[in-house]
Each structure stands twice: as structure tokens, then as C-alpha cells.
Amino acid sequence: MQRPSLSVLVCAASDAEAEFATRVLTDHGDHAEIAMSVTAALTRLAAETFHVALVSLSLPRGAGLALVHHLRALHGDVDVLVMAEPSELEESGHAMALGVLATVVLPLTGDGLMVTVDRARERRMLIRERERLAREREGSERRNATYARCAAFVAETDASAVAQGVLDACAAEVEATASAVYLPDLPAAVRYLRVATSGDPAATPAMLDAEDLAHIDPTLSVQERAGSIRLNAMGGADLFAIVELAGVGAVDDAAKGALEVVAGLATAAFSAARKVEAIARAGIKDPDTSAYTFAYFGDAAGREIDRAARHGRRFSLLTVSLDGLEDGRRLLGIEDMRTLRRSLADALLDAVRDSDVVARVEDDELYVLLPETGLLGALACRRRICNRLAGLADLGGFQPIVGIGVFPNDGRDLGRLLRAARRRTEGSRVGVFRRLELTHVPFWQAVTRLLGSEDDMALGRDGSIAIHRDHQEAHDDLGLARHVAMSPVLAARIGGVVATDSIRRELAGSLYVAGDEGLIAAVARAMDEVDRPRLRAWSLGSRVSSVDAVSRIHLSVDDRRLDENVLLLSLTELGGYALIGRRVSEDLLLTYHSADLDLVDGLTAALQRTYHLQPEER
């Protein structure tokens, strides 16, 4: 223990005593101040801090003993030593009774003085050591209490439970008006979402972005800022969590040390929770939903590809996500995201067959493997999924969007199939069917939206047709959907080519025609070339061609709209084509034609619902 230096106030009865005491104290490393009267001593005591007061009882008129009285009454932290003549035994006894530490017998000697002063020094050292031990004991007890509180969340493997436990531990160490825990939405993310709060939620942001993270000091586990404290649960290069404590005043070293303990144990707990989650994801089932993991899905898809290639079979891959969720994640906490994922996965499992495989790949995307299913079956499954998801309140208004990849048409390995599915997803997102909100619109209302009414077009003298600009939104940027002026002869030729191509390729699917005898006849002749075509073609309405083959595909449906409008809808395993038209004159049609798969599938399903037509076997 380091020998402390003392500040001593010397109040002597003579100059010789004062000078001698000052010289001895100074030679031993102490600091001495001289006061030759009680008044001077009191002035010094009011202006400076002293450890020891050396008072002579030989001061005139009992002033020395009076000064001792004053020191013991008003300066209890000052150790008092007295100097007394052998004849001043009575005064010395009074001084000892007042609590004087020791008496130096005059005349002064260097050894006698230093022995007495060292008693005060030792007392100071013992007091300091006792205070240090008391602080250590208090700090040890506080650390033990902190460790005990942290034990509640260190044993947890769920990140949300760890977060709540961390907030409880912080609340026991410092007072804050609000606190929150933030976790990365994905590993190595630059965005941290709030997963647990305490106090006023409005006092802490719902998310921390890259700008907030830029202010983190990776060398500090506890950062003090104006009115708040941030705990960084950082291990190695990973920032596992951030704890914000708002409305915090100044904290002492003990509280800061306790928060450092919390931050360290929180780092270990969040790291363990992440590892447990990773292990769970590597298994067969996703821990948050009833879906399979991507690891299992990749293996199942690989086996299905081998079987399909070996036996000439087909299968489809669907990617299911919620449009707009990427931006909406800013408003959602982790618990909200978990509820949304469960709802999405449960709805998918209800909509598919038991033999189909549903897997969670990312937080906002799921895959569905449909064995022995082509494009038509995948489209039917997509409709079931969208219908099932449409009524779910737990989706928070986010719209499902489904992409389709079909083996072997879109690719012969998992990577190509996924690219095809995502390409169709993007096409669905920006396509006409979604943009015009035609999902649940009746068939003829959808036709009017696409084709426009007679008032929405104008026929020029040169035979051109102008479309009202409001109907330009029915066009797309890729040229898959456009208004076109054509003759009935050209429309019939298109219908014949569509039917003939599908029959020669032996494609399964449906083809509906109506409204023009030439178009109906062209399709009927193509169908008559094969005894049992896989394509099923139907003529709707009352228009009947003179071609004998028409009777085999004709369905008598009493609706004048089927005779007034030209209609060609073809949906096969390779895709779809739609041509709807209105007669402008005997030799001219205003048509809307499209190869947009979503639009053709939606129009075909709406037509079947309108006239109670049974979908073909998928």
C-alpha cells in the first residue's frame, strides 16, 4: 500500500515550535501550513482541506483546547494531534477525552513528532483500505446480482426470450424511460429490427439502418451518448444485437461495469440462439413454420429432377412471396414477421396436395415442389394458393405473388427452374392482369376493361383505329398485350395456326372460340385432323359454321355477347394466347391480343366460372 502524504495544519505557541514541526514534516514528504492563532487556524480550515491538525495546548488563555473543541465539533474528518508541556497534564486529559488521536510531549523531537504523525497516517491508510474493501465487496455483490439476473436469459435459446431478459437485466441496473433490443433481420444485415421494448415504444425507433450503425464504436460494449446508453452485443466481427436505453442520466462506474457484464453475457446468449436457429434450419423442418427447410428441399428437388429425367416425367416449381414486404418490413417487428410467416406457410400447406413439398427458403419467400405436374396443374395450384391467401387477415394487406418454373420446358436443373420462376414472378408483378386488378373481376367486365367500349375508340378515314388513352394501360412494355386492328380473315388464320400448332406438339390444354364463323371453322378443321387430340377445343354461342367438324366442338350457350364479340382463348402446357375483338365493320375487327400467361389464365378461369364450364384435367 502506498504511503500517503498528509496535509498538516500546525497551530503552535511559538515560532520555534512551528518552524521545527514544519521542517520535520516537510523532510518526510508531508505538507505543512502554520497558524499562530486560533483565528488564523479557523481561517485556514475554512479555505483549505487538511488531514491532520497539530495544536499546541500552550496557546494563551486556553485557546488551544478551544480549538480542539472546534475541530472535533465541525471538522470530524480531520485527525487532531496536540502538543503539551509535562505540566499540562490536565489539559492533555481533556483533549484526549474530546477524541484527540495522540499527544506529543514538549519540547518537540523529530522522532517523537513523526511517530505521532505516523499514527494519523496509519489510521488514514486503514480507513482507505477499509473503504476499498467495502467498495470491492459492494461491487462484488452487485456483480453477483447482475450475473444472477443474467442467468435467466443466458440459458434461453430463443432470441426473443433473450431480448426480453436483457431488458429486464438492464432495468435493474439503470433507470431509463424506454429501452429496446434490435436484432438483424438477416445474418450480416445492415438493418436491425426492434424485437423487444420496455417503457414508451415511441421513444425508440422501430428499426436501425446503416446510418445508425455507422455511429457504433466496435471497441466499446457500452456507449454513453446524450441522454441515452447503447449496449453493443458484439463478438468478433458480428454484431449480434443492439440495446438502446433512452432517457438515462449520468451513470457511475459501478453501473457502467454492470452494463458491460450484461452486454458480454448478452453477446454469448444471442450468439448461442443464432447457432441453435442455424442448426434447426439445417434439419428437415423449419422451426418457425411447418414447412421444410431449403436443405431438405434442395435434396428433394434433386431427386425429383433425376426421376423426371429418367422416366420422361414433368414437375413444377413455385416460388411464393408477398409483394411489398421488403419495404413493409420497416413497420414490422420480428414477432409480426413470425406470425406472417406461419400464416403464409399454413395457407400454402392447406392449398397443396400431401405429396407436394413446401419449404421455407428465406424470411419472405417459400418454394413449392409439385411432382408430376405441368404448367396447367401449376396454374391451377397457383389459383388455389391465391384464393386461400386472399382471405387471410394475418398477411397485413400484402398481396401474394407466385412464380412458376416447369421441368423440362423451363430448364433441366434447379437453378434454371428458379430463374424461370422468378422471371415469371417479375412479369406477374408488372403485368396487365395485376395492374388492372382483374383477379376477381367477372369475365365480360374484364373484356370491357381490356377492349374498351365503342365510345373508347375512333375509326379513321384511312382505316386506322384510335384508342382512348385510358385504355393504353392495358398494353405492356414487352409487346405481349396490344390493341390491333385486323380483318376477320386474319383472326381465323391465327385461330387455325394456334390450334394446329398445339395439336402437332401434342399439347394438353383448353381452347375456346366464339363470335366469328370463320374463326370457329378454322379451329374445327384443325381439330378434325387428329382422332384423339390432347387439346380440348370448344365453340361457344349460337354461331355455327357450315363445317361438319364444328358440331363436335360446339357448346350451345345462350348469351348474345358470345355472338357479338370475337373470342379466342388458348391455354396449353407451353403457355397461353388470348384474342378478343369487336366488329367495327364487316371487314374490320378491333382486337386485343395477348400472350401474357397471367392474363390468359385469368380470362380462361373467369370464362369457365361464367358459363359453368369444367376445367380440363390438369
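# A guided tour of the predicted chain

Begin by selecting T373, which sits in the loop between β15 (365–371) and α12 (375–390); the helices (H or I, at least four residues) and strands (E, at least two) are DSSP runs that are numbered from the N terminus. Before going further, note that this is a predicted model, in which local features need pLDDT of at least 70 and side-chain atom pairs count only at pLDDT 80 or more, while totals for chains, interfaces and linings use all residues. Residues are numbered from 1 along each chain as its sequence is written, and side-chain values use heavy atoms, with hydrogens and water left out.

## Stop one: around T373

With T373 still selected, ask first whether this residue is buried or exposed. T373 counts as buried because its relative accessibility is 5%, where buried means under 20% relative accessible area, exposed means over 50%, and partly exposed lies in between (1.4 Å probe, protein chains only). Now show the side chain of R353, with which the side chain of T373 makes a polar contact at 2.9 Å. A polar contact here is a pair of N or O atoms within 3.5 Å; within protein, one must be able to donate a hydrogen and the other to accept it, and residues adjacent in sequence count only if both atoms are side-chain atoms. The side chain of T373 also reaches the backbone oxygen of P371, at 2.9 Å. To complete this view, add R314, F315, S316, R353 and A378, which T373 touches when residues up to four places away in sequence are not counted; contact means heavy atoms within 4.5 Å.

## Stop two: R582 in its strand

Next select R582, which belongs to strand β24 (residues 575–585). R582 counts as buried because its relative accessibility is 12%. Leaving out residues up to four places away in sequence, R582 touches L451, G452, S453, E454, M457, N565, L588, L589 and L590. If you then pick L349 as well, the C-alpha atoms of R582 and L349 are separated by 43 Å, with their positions 233 residues apart along the chain.

## Stop three: two cis peptide bonds

Most residues other than glycine have a negative phi, and most peptide bonds are trans. Select L106 and P107, which are joined by a cis peptide bond with omega of about 0°; P107 is in the loop between β5 (102–105) and α5 (110–154). Then move to F407 and P408, where the peptide bond is likewise cis, with omega near 0°, and where P408 is placed in the loop between β16 (399–407) and α13 (414–430).

## Stop four: two positive phi values

Select R61, in the loop between β3 (52–56) and α3 (63–74), where phi is near 55°, a positive value in a residue other than glycine. R61 is exposed, with a relative accessible area of 83%. Continue to H612, in the segment after α20 (597–610), which has a positive phi of about 55° although it is not a glycine. H612 is exposed as well, with a relative accessible area of 68%.

## Stop five: Q399 and R123

Which strand holds Q399? Selecting the residue shows that Q399 is in strand β16, and at 46% relative accessibility Q399 counts as partly exposed. Apart from neighbours within four places in sequence, Q399 is in contact with S321, L322, D323 and R434. Add R135 to the selection, and the C-alpha atoms of Q399 and R135 are 61 Å apart in space, at a sequence distance of 264 residues.

Now turn to R123 in helix α5, which at 36% relative accessibility counts as partly exposed. Not counting residues up to four places away in sequence, R123 touches D79 and L101. The C-alpha atoms of R123 and G415, which are 292 residues apart along the chain, are separated by 81 Å.

## Last stop: the whole chain

Finally, clear the selection and zoom out to the full chain, which has 20 helices and 25 strands. Along its principal axes the C-alpha trace spans about 155 × 60 × 35 Å. Of the 618 residues, 49% count as buried. Among the contacts in the chain with a separation of 6 or more, 64% come from residues 24 or more positions apart.
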